[in-house]
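This report describes, in turn, the pockets, the nonpolar cores and the salt bridges of the model shown below.

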Amino acid sequence: MKISFAKDFCIISDLYEFDPKDIFTCGQAFRWFEESDRSFTFVTNGKVANVKKINGEIVLRGVDKGSFYQIFYNYFDLDRNYKEIIDELSRDEIMKNATEYGKGIRILNQEKFETIISFIISANNQIPRIKKSIEKISQMYGDFISEDENRKYFSFPSADRLKEAKAEDLREFARVGFRDKRIVETAKLIDSGEVNISEIEKMELEDARAALQILPGVGPKVADCILLFAFDRKESFPVDVWIKRVMEKLYLKEVTPKSKIAMRGREVFGKNAGFANQYLFYYGRENKLGK
């Protein structure tokens with residue numbers, strides 16, 4: 001991987017396991033917009049940036065050398081060798097197909113509080129609606145960042161600010177439905193320290209899963225998503241409807257409870273379970289396997 005910088009953008013070359021479309025549309029993140037030129041504008045850590053793959057090179061706009069190494073290097077998990085992960089997983093013939101299909105995926109390292117709220121909203125919901133709700137919450141309670149010809153951008157609010165939100169406002173304006181009170185209560189629990197994000201970060205996987213499930217609206221699947229996408233727990237294996245279908249069709253050959261599928265996923269793929277999960281999810285959803 002080679003990285004070069006200009007005034008307000010950087011170019012990453014010789015990095016083949018990186019495709020913005022695979023990364024942003026595989027279900028792991030919601031603060032992004034696909035532009036007419038097939039680039040993706042996204043918001044993270046109070047920053048707005050745009051990424052596009054051009055002739056095999058990754059062009060990141062709105063990024064200087066300082067912010068690249070402070071924020072975006074970790075956000076895109078650039079310190080990890082995905083080729084090695086793909087090679088390991090591809091020893092399994094099923095995974096070989098899945099990794100080939102989604103070889104541009106990288107698991108983003110996202111902000112913890114934002115990810116918790118985002119995946120509470122994601123329960124029994126669809127991605128376009130999730131994205132709209134999160135953007136509206138950011139407009140209502142976050143800070144203005146910038147504006148371009150397409151839209152205005154806002155940071156996601158802190159727990160301290162979101163705990164003051166009225167549940168009825170979240171329901172009416174952000175269209176979060178039954179999740180309204182859960183969002184406010186979660187913000188209060190995290191802001192008070194009753195649920196301590198810093199402590200969860202240090203826990204063993206099962207303890208961390210249990211600690212997150214104290215939060216209203218966080219069940220096993222949502223907890224696993226939060227751990228995978230915000231706590232760098234790459235051994236986590238979230239099970240939603242698509243993973244259930246794919247695992248039953250390709251591996252288990254029978255209808256299986258979600259809890260057993262999660263355990264089986266961790267057993268089969270070990271330290272690479274989270275990566276396998278994302279390749280299988282993307283491959284299964286896009287090809288409608290098991291539907």
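What volume does the second largest pocket have? In this predicted model, the second largest pocket has a volume of about 240 Å³. Of the 16 residues that line the second largest pocket, Ile71, Asn74, Tyr75, Asn109 and Gln110 are the closest to its centre, and the largest share of that lining, five residues, is supplied by helix 2 (residues 65-75).

The largest pocket holds about 850 Å³ of space. Its lining is made up of 36 residues, with Ser122, Lys221, Asp240, Val241 and Phe281 lying nearest the centre. Two or more lining residues come from each of helix 5 (112-122), helix 6 (127-141), helix 12 (220-230), helix 13, helix 14 (258-269) and helix 15 (273-286), and helix 12 gives the largest share, six residues. The table sets out the lining of both pockets by class.

| Pocket | Nonpolar | Polar | Charged |
|---|---|---|---|
| Largest pocket | 19 residues | 10 residues | seven residues |
| Second largest pocket | five residues | five residues | six residues |

Turning to the interior, the largest nonpolar core has 70 residues, and those with the most contacts inside it are Ile137, Leu162, Leu170, Ile183, Leu212, Phe269 and Tyr279. When residues up to four places away in sequence are not counted, Tyr279 touches Tyr82, Ile86, Leu89, Met95, Ala98, Thr99, Gly102, Lys103 and Ile105. A second, separate core of 22 residues includes Cys10, Leu60, Phe68 and Phe76.

Side chains of opposite charge can pair when their charged atoms come close, and the structure holds 22 salt bridges. Lys103, one of the residues that Tyr279 touches, also meets Glu100 in a salt bridge with an N to O distance of 3.4 Å; Lys103 counts as partly exposed because its relative accessibility is 42%, a value between the limits of 20% and 50%. Glu235 and Arg233 are joined by a salt bridge of 3.0 Å, N to O, in which Glu235 is partly exposed, at a relative accessible area of 24%, whereas Arg233, at 13%, is buried.

A further salt bridge links Lys244 with Glu248, where the closest N and O atoms are 2.5 Å apart. Because these two residues are four residues apart in helix 13 (residues 241-252), about one helical turn separates Lys244 from Glu248, and both Lys244 and Glu248 are buried. Beyond such pairs, Asp77, Arg80, Asp232 and Lys234 are linked in a network of salt bridges.

Key. Residues numbered from 1 in each chain as written. Predicted model: local features only at pLDDT ≥ 70, side-chain atom pairs only at ≥ 80, totals over all residues. Heavy atoms only, no water. Core = buried A, V, L, I, M, F, W, Y, C linked by side-chain atoms within 4.5 Å. Buried < 20%, exposed > 50% of the residue type's maximum accessible area, 1.4 Å probe, protein only. Contact = heavy atoms within 4.5 Å. Salt bridge = Lys/Arg side-chain N within 4 Å of Asp/Glu carboxyl O. 1 Å grid on protein atoms, 1.4 Å probe; cavity = no way out; pocket = protein on both sides within 12 Å on 5 of 7 lines; lining within 4 Å. Points joined across faces, edges and corners; volume = space filled by probe spheres on them. Nonpolar A, V, L, I, M, F, W, Y, C, P; charged D, E, K, R; others polar.
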